[in-house]
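Work through the exercises below with the coordinates open. Each task is followed by a stepwise solution.

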Amino acid sequence: MESSPEGSVPRARAPIKCPSTCEDVDQLRTPSVSSQEFIDFKRKATTIVEEYFSTDDVAATANELRELRVPCYHYYFVKKLVSVAMDRHDREKEMAAVLLSSLYNDVIDRPQVYKGFCKLTESCDDLSIDTPDAVDILAVFVARAIIDDILPPVFLAKQLPCLPDGCKGAEVIHRAEKSYLSVPHHGEIILQRWGGIKNITVEEAKAKIVDILEEYLAAGDTAEAFRCIRDLKIPFFHHDLVKRAVVLAIERGGEAEGRILDFIKSASHEGVINESQIIKGFNRMIDSVDDLTLDVPNARCLLKSIILKASSEGWLCASSVKPLGPEPKKAVEDDAAVKKLKAKAVSIIQEYFLTGDIIESVSRLEAENKSCSPSVNAIFVKKLIIAAMDRKNREKEMASVLLCSLCMPPEHVVAGFHLLIDAAEDAALDNPAIVEDLAMFFARSVVDEVIAPSDLEAMEEEASRRKVAGSPGMLALRNAHALLGAKLSAERILRYWGGGGTGKAGWELSEVKEKVSKLLQEYDCGGGVREACRCIKELGMPFFHHEVVKKALVSIIEKRGKGERLWGLLDECYGRGLITPNQMIKGFERVADCVDDLALDVPDAREQLRCYVERAKKGGWLDASFSIARPGQAPVPDGNGIAACS
């Protein structure tokens, strides 16, 4: 949010209030000013607006408006500024929005801003004559004013009954509410509509916020810190500054805590950070306090103390923030192990993203988590995916490959996904694309058989009991189901981030089939089982391991009892978990589907397949209910072909 212009005395930005009825708006006029003075004001206001669009000088504009000394007619300046900007380019529209934010409560009082927008909606029919898309432009101005906290959200509900049915002003209200303020990530979308916030990225904004707080703690220069905050021109993101400031206060304590709280208090009183952003920042802090307790065990108590202190000093309404809730039960796992992993997980992940060394990363994690603690694994999964979501597709693909290579128990991965779902709403403030990213990670984990489809359904059932239907976590789970239900979903999901964990384009299926054929031939000609398993794993396509089963089984049938080496390879892959039961079943099903074609070259192919199915059932590869019978196929007769696979 822009602050008061240079040279003006900053005033506290109090909570927004608005006239309670339409008649109250008209009562804002002060009768001591003559109509001639109003005519003079209109003429001078028009000149000020034109000069502002030429000079882009907020401070000079504020001083000129203040010198007119008729604040009771400032609503007309609001109306004139917006109506002139509506007929110009995006640059002037953005300048108008910035100026209103700068003058709010320092030069133009809240009721005057409210009345100015009332007059704009009332005159929208006239404005449409010169500006055909006036409804859409004015709807954006209304939404922008609400986002910038210079117009209360209740304006929409209170102004609508004051407008005639079917008028364009009513369309403005409906469009502002439905098309702009109700869509996901509407704050960022609206603020960037006309090229605002200097195209700063979320990562850059977060880095600058950290720098501002660190410099303030080092130098203690409040005025300089406020100037830097204003220069960022990202009022919708001030909640992140509040959250990070509170985290610093909790982590450092003592004198630093007192200085940081005084900083937020001053920022609130001087209007640098508005009340809604402070509340939002504290709510985000409450959502993530359990994670902070891993580093600061008494973080919950410290946060509660900070909230009580802020409330007693009057710069935080305690009733507006979320309840802190009871302290969660302590985990049975060793807290020291959890803290140790939390401290080293970031290092492991960052090094992996730099080197791509899966074996080293797996080894380091196993060394840190020798007992295979579920909570430790869950935290690592959460940190791995959060780190990847903040990076490019290469790192997202690498994270998926590492997750598949870790061979964690599915319940540990599911626990990590639950942590991500719980943190999704908070993370969405930093990552607008979190729903799409999480959905793809969930879907990819099913394709890679890290978790089963039933695990995904159980996650959705559990989340539906704790989360609202439109929360980012719930949306991500539903999107994951949709991705998995699409045609050729496995191949599409695998290639979404490039495939292979290297940032290169994924292989064509024909290439993968050729690689599978070659590795089976090399192994059958005397290759080592460890090398064969390594080659299968390095394909990086666990969802396609049924191709290994199919080709190996076809080769075994063609060899008529001389394929024991390949059968032993399948047994080794299954025993290591490299080929999962689902992939094993799918491989046998594919052979059953093509057994009639195979029988043209190997007459007893169906009898051999039946024999190998029974053998696989005895080995635990296949469920006892598995059958090779297919619709339209004749039953397999009992024959002597069974001897071929004994």
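The lining-up of helix H25 comes first, starting from its buried residues: Pro472, Gly473, Met474, Ala476, Leu477 and Ala480. The model is a predicted one.

**Exercise 1. Helix H25**

Task: Compare the end-to-end reach of H25 with the expected value, then place leucine 475.

Solution:
- Step 1. H25 covers residues 472-485, which is 14 residues.
- Step 2. From first C-alpha to last, H25 reaches 20 Å, close to the 20 Å expected at 1.5 Å a residue.
- Step 3. Leucine 475 lies in this helix. At 32% relative accessibility, leucine 475 counts as partly exposed, since buried means under 20% and exposed over 50%.
- Step 4. The C-alpha atoms of leucine 475 and valine 435 are 6.4 Å apart. Along the chain, these two residues are separated by 40 residues.

**Exercise 2. The whole chain**

Task: Summarise the secondary structure, burial and contact range of the protein.

Solution:
- Step 1. Count the elements: the protein has 33 helices and 0 strands.
- Step 2. Take burial: 49% of the 646 residues count as buried.
- Step 3. Take contacts between residues at least 6 apart in sequence: 77% of them join residues at least 24 apart.

**Exercise 3. Helix H5**

Task: Decide whether H5 is largely enclosed or not, and name what covers its buried residues.

Solution:
- Step 1. Check the length. H5 runs over residues 90-103, and its 14 residues should span 20 Å at 1.5 Å a residue. Its end C-alpha atoms are 20 Å apart, which agrees.
- Step 2. Check burial. In H5, 12 of the 14 residues are buried, so the helix is largely enclosed by the rest of the structure.
- Step 3. Look at the residues. The buried set includes the charged side chains Glu92, Lys93 and Glu94. Met95, Val98, Leu99 and Leu100 are also among the buried residues.
- Step 4. Find the cover. It includes H2, H3, H4, helix H6 (110-122), helix H8 (134-147) and helix H11 (186-191).
- Step 5. Look past the end. Just after H5, asparagine 105 takes a positive phi of about 70°.

**Exercise 4. Two loop residues with positive phi**

Task: Locate aspartate 56 and arginine 69, and classify each as buried, partly exposed or exposed.

Solution:
- Step 1. Aspartate 56 has a positive phi of about 55°, although it is not a glycine. Arginine 69 also has a positive phi of about 55° and is not a glycine.
- Step 2. Aspartate 56 sits in the loop between helix H2 (35-55) and helix H3 (58-67). Arginine 69 sits in the loop between H3 and helix H4 (74-86).
- Step 3. Aspartate 56 counts as partly exposed, at 41% relative accessibility. Arginine 69 is exposed, with a relative accessible area of 69%.

**Exercise 5. H29 and its two partners**

Task: Describe how H29 packs on H30 and on H31.

Solution:
- Step 1. Helix H29 (residues 546-559) and helix H30 (residues 564-576) pack at about 155°, with axes 9 Å apart. That makes H29 roughly antiparallel to H30, because the angle is over 145 degrees.
- Step 2. H29 passes H30 in a left-handed crossing.
- Step 3. From H29, the contact uses Val548, Val549, Ala552, Leu553, Ser555, Ile556 and Lys559. From H30, it uses Leu566, Trp567 and Leu570. By class there are 8 nonpolar, 1 polar and 1 charged residues.
- Step 4. Turn to helix H31 (residues 581-593). H29 packs against H31 at about 45°, with axes 8 Å apart. The two are therefore oblique to each other. Their crossing is right-handed.
- Step 5. On the H29 side, the residues meeting H31 include His546, Glu547, Lys550 and Ile557. On the H31 side they include Met584, Lys586, Phe588 and Arg590. The contact divides into 7 nonpolar, 3 polar and 4 charged residues.

**Exercise 6. H14 against H17**

Task: What is the make-up of the contact of H14 with H17, by class?

Solution:
- Step 1. The axes of helix H14 (residues 238-252) and helix H17 (residues 299-313) come within 10 Å and cross at roughly 120°. That makes H14 oblique to H17.
- Step 2. The crossing is right-handed.
- Step 3. Val246, Ala249 and Ile250 of H14 meet Ala299, Leu302, Leu303 and Ile306 of H17.
- Step 4. The contact has 7 nonpolar residues, no polar and no charged ones.

How values were computed. Residues are numbered from 1 along each chain as its sequence is written. This is a predicted model: local features need pLDDT of at least 70, side-chain atom pairs count only at pLDDT 80 or more; totals for chains, interfaces and linings use all residues. Side-chain values use heavy atoms; hydrogens and water are left out. Axes are lines fitted to C-alpha atoms, for helices over the stretch in contact, and angles run from 0 to 180 degrees between N-to-C directions. Helices (H or I, at least four residues) and strands (E, at least two) are DSSP runs, numbered from the N terminus. Angles under 35 degrees count as roughly parallel, over 145 as roughly antiparallel, 65 to 115 as roughly perpendicular and the rest as oblique. A crossing is left-handed if the near helix is turned anticlockwise from the far one by less than a right angle, and right-handed if clockwise. Contact means heavy atoms within 4.5 Å. Buried means under 20% relative accessible area, exposed over 50%, partly exposed in between (1.4 Å probe, protein chains only). The expected span of a helix is 1.5 Å times one less than its number of residues.
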